[in-house]
Amino acid sequence: MINCYIGLGSNMGDREWYLRQAVARLAELDGICISQVSSIYVTEPVGYTEQPAFLNAVAAVRTTLTAEQLLAACMKVEQSLARKRDLRWGPRTIDLDILLYGDRHICTQDLTVPHPRLMERLFVLIPLLEIAPDVALNGKSLEQCRQEMGDDRAVRLYRPWHKQQGE
């Protein structure tokens, strides 16, 4: 089993429902075991900014799948939740990104791990830090990376994962 981390994001429709559905659908797939999910955070969009705010989280996954098979599983879940890829960094029902696949470095046409923009995105780094505080990237702790990125007020706690709407 390989320990992996998957970033989740949604900014269309019932954003929290899409995040929870994505985790549930991943958990139903053979070879994937969800071991932990971070709290949900609300963040402003990056890149294309003329769109609604995102909800983001990170899931810790144990898998027997190869990195390529895990990517295919993530894309299958995205498709099942009506993900459209019309505009780069545009609005989406769900976005699943493999952030880390064990300690492996992978660079193929379809997949780069660690995720190439992980160190630039507090909306991924903060939830990852919550569930994996001992992970290091490029010889630095996640906390050091977060501090180097500066002001993190744009990433706000929305609710803990275990709390449902209405609780």
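This passage describes the fold, the helix packing and a few selected residues of a predicted model.

The chain contains four helices and 10 strands. Read from the N terminus, these elements follow the order β-α-β-β-β-α-β-β-β-α-β-β-α-β. Of the 167 residues in the chain, 48% are buried. The exposed surface comes to about 8,800 Å², and carbon and sulfur atoms supply 49% of that area. Contacts also reach far along the sequence: of those between residues at least 6 apart, 71% join residues at least 24 apart.

A good place to begin a closer look is helix α3, which spans residues 122–131. This helix is mostly covered, with nine of its 10 residues buried. The buried set runs through Leu 122, Phe 123, Val 124, Leu 125, Ile 126, Pro 127, Leu 128 and Leu 129, and it is completed by Ile 131. Ahead of the helix, the loop between β7 (112–113) and α3 holds Pro 114. The peptide bond that joins Val 113 to Pro 114 is cis, with omega at about 0 degrees.

What does α3 pack against? One partner is helix α4, residues 142–149, and the two axes lie 10 Å apart at an angle of about 150 degrees. The crossing of α3 and α4 is left-handed. On the α3 side, the residues that take part are Leu 122, Leu 125, Ile 126, Leu 128 and Leu 129, and on the α4 side they are Leu 142, Glu 143, Cys 145, Arg 146 and Met 149. Sorted by class, this contact is made of eight nonpolar and two charged residues, with no polar ones.

Leu 142 gives a residue-level view of this packing. This leucine belongs to α4 and counts as buried, because its relative accessibility is 0%. Apart from its neighbours within four places in sequence, Leu 142 is in contact with Leu 125, Leu 128, Leu 129, Ala 132, Val 135 and Leu 137. For the pair Leu 142 and Leu 128, which are 14 residues apart along the chain, the C-alpha atoms are separated by 8.1 Å.

Ile 131, also in α3, brings other parts of the chain into the picture. With a relative accessibility of 10%, Ile 131 counts as buried. Once neighbours within four places in sequence are set aside, the contacts of Ile 131 are Tyr 5, Gln 36, Val 37, Ser 38, Val 58, Ala 59 and Ala 60. Gln 36 lies 95 residues from Ile 131 in sequence, yet their C-alpha atoms are 7.2 Å apart in space.

Two further residues show similar links elsewhere in the chain. Gly 9 sits in strand β1, residues 2–10, and is buried at a relative accessible area of 5%. Beyond its neighbours within four places in sequence, Gly 9 is in contact with Leu 19, with Phe 54, Leu 55 and Asn 56, and with Thr 93, Ile 94 and Asp 95. The C-alpha atoms of Gly 9 and Leu 96 are 6.8 Å apart, although 87 residues separate the two in sequence.

Ala 73 is placed in helix α2, residues 67–80, and has a relative accessible area of 10%, so this alanine is buried. With neighbours within four places in sequence left out, Ala 73 is in contact with Leu 26, Leu 29, Ile 32 and Leu 65. Ile 32 lies 41 residues from Ala 73 along the chain, with a C-alpha separation of 9.2 Å.

The cysteines complete the survey. How many disulfides does the structure hold? The count is zero. Why does Cys 74 form no such bond? The closest cysteine sulfur, in Cys 4, is 9.1 Å from the sulfur of Cys 74, which is too far for a bond, given that a disulfide requires sulfur atoms within 2.5 Å. Cys 74 and Cys 107 can also be set side by side by their surroundings. Cys 74 is buried, with a relative accessible area of 1%, whereas Cys 107 is exposed, at 69%.

Terms used: Residues numbered from 1 in each chain as written. Predicted model: local features only at pLDDT ≥ 70, side-chain atom pairs only at ≥ 80, totals over all residues. Heavy atoms only, no water. Axes fitted to C-alpha atoms, helices over the stretch in contact; angles between N-to-C directions. Helix = DSSP H or I, 4+ residues; strand = E, 2+ residues; numbered from the N terminus. Left-handed = near helix turned anticlockwise from the far one by under 90°. Contact = heavy atoms within 4.5 Å. Nonpolar A, V, L, I, M, F, W, Y, C, P; charged D, E, K, R; others polar. Buried < 20%, exposed > 50% of the residue type's maximum accessible area, 1.4 Å probe, protein only. Areas by Shrake-Rupley, 256 points an atom, 1.4 Å probe, with all protein chains shown as cover.
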